[in-house]
Amino acid sequence: MIRIGVTGHIGLEPSSHRLIHAAIKAELRRHRRVHGVTCLADGADRIFVRAIRACRGTFEAVLPVPEISAAPEEDPVLRELIKRATDVTRITVPGPPELSYEAASREVVDRCDLLLAVWDGSTAGTRGGTAETVAFAEACGKRVQRIWPDGARRLPMSPAVPVLVG
């Protein structure tokens, strides 16, 4: 069984979800049996979980839990996904939230054989974000497959709302 991790953007246009889901499923179907590794973030990670389940695969969760954030279980969608995971690891790193996101993303890379990057190729981002996670995976010698189908779009970024995860 291959272990496939995911990193990707959280702010995706709703019209992009179907395109990305289809592209991820096509990649997953290239493998006989799949086990996913994900941080369960909004956007790419949750689309990945839907695709894993559609392909009858399993998944584990590596949850970044910054010291100052609410417990993940307070989000009803996340709570349901956690119930379906075969394993759940919570990672908290003292300091700014980005440190927990970075540590969780690196743990996903460490646990996978292949990393799917739902990524438009932009190098802009924050610590622990998609571009940084892809660079880390490549430095570790992991296979990385970029997924960004024609027509996929990110939501416009609001300067007042910092994006903390890829």
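This report walks through the packing inside the model above and one pair of helices.

## About the model

The model is predicted: local features need pLDDT of at least 70, side-chain atom pairs count only at pLDDT 80 or more, and totals for chains, interfaces and linings use all residues. Residues are numbered from 1 along each chain as its sequence is written, and side-chain values use heavy atoms, leaving out hydrogens and water.

## The nonpolar cores

A good place to start is the largest nonpolar core, which has 28 residues. Such a core is a set of buried Ala, Val, Leu, Ile, Met, Phe, Trp, Tyr and Cys residues joined through side-chain atoms within 4.5 Å; buried means under 20% relative accessible area with a 1.4 Å probe, protein chains only. Ile4, Ile24, Leu28, Leu40, Phe48 and Leu116 have the most contacts inside this core. Among the elements giving two or more residues to it are β1 (2-8), α1 (14-28) and α2 (44-54), and α2 supplies the largest share, six residues. Helices (H or I, at least four residues) and strands (E, at least two) are DSSP runs, numbered from the N terminus.

Another core, of eleven residues, lies apart from that one and includes Ile91, Ala104, Val109 and Phe136.

## Meet Leu78

Leu78 sits in helix α3. Its relative accessible area is 10%, so Leu78 counts as buried. Leu78 and Leu40 are 38 residues apart in sequence, while their C-alpha atoms are 7.2 Å apart in space.

## Where α4 meets α5

Glu102, Ser105, Arg106, Val109 and Asp110 of α4 are in contact (heavy atoms within 4.5 Å) with Glu132, Thr133, Phe136 and Ala137 of α5.

Technical notes: Buried means under 20% relative accessible area, exposed over 50%, partly exposed in between (1.4 Å probe, protein chains only).
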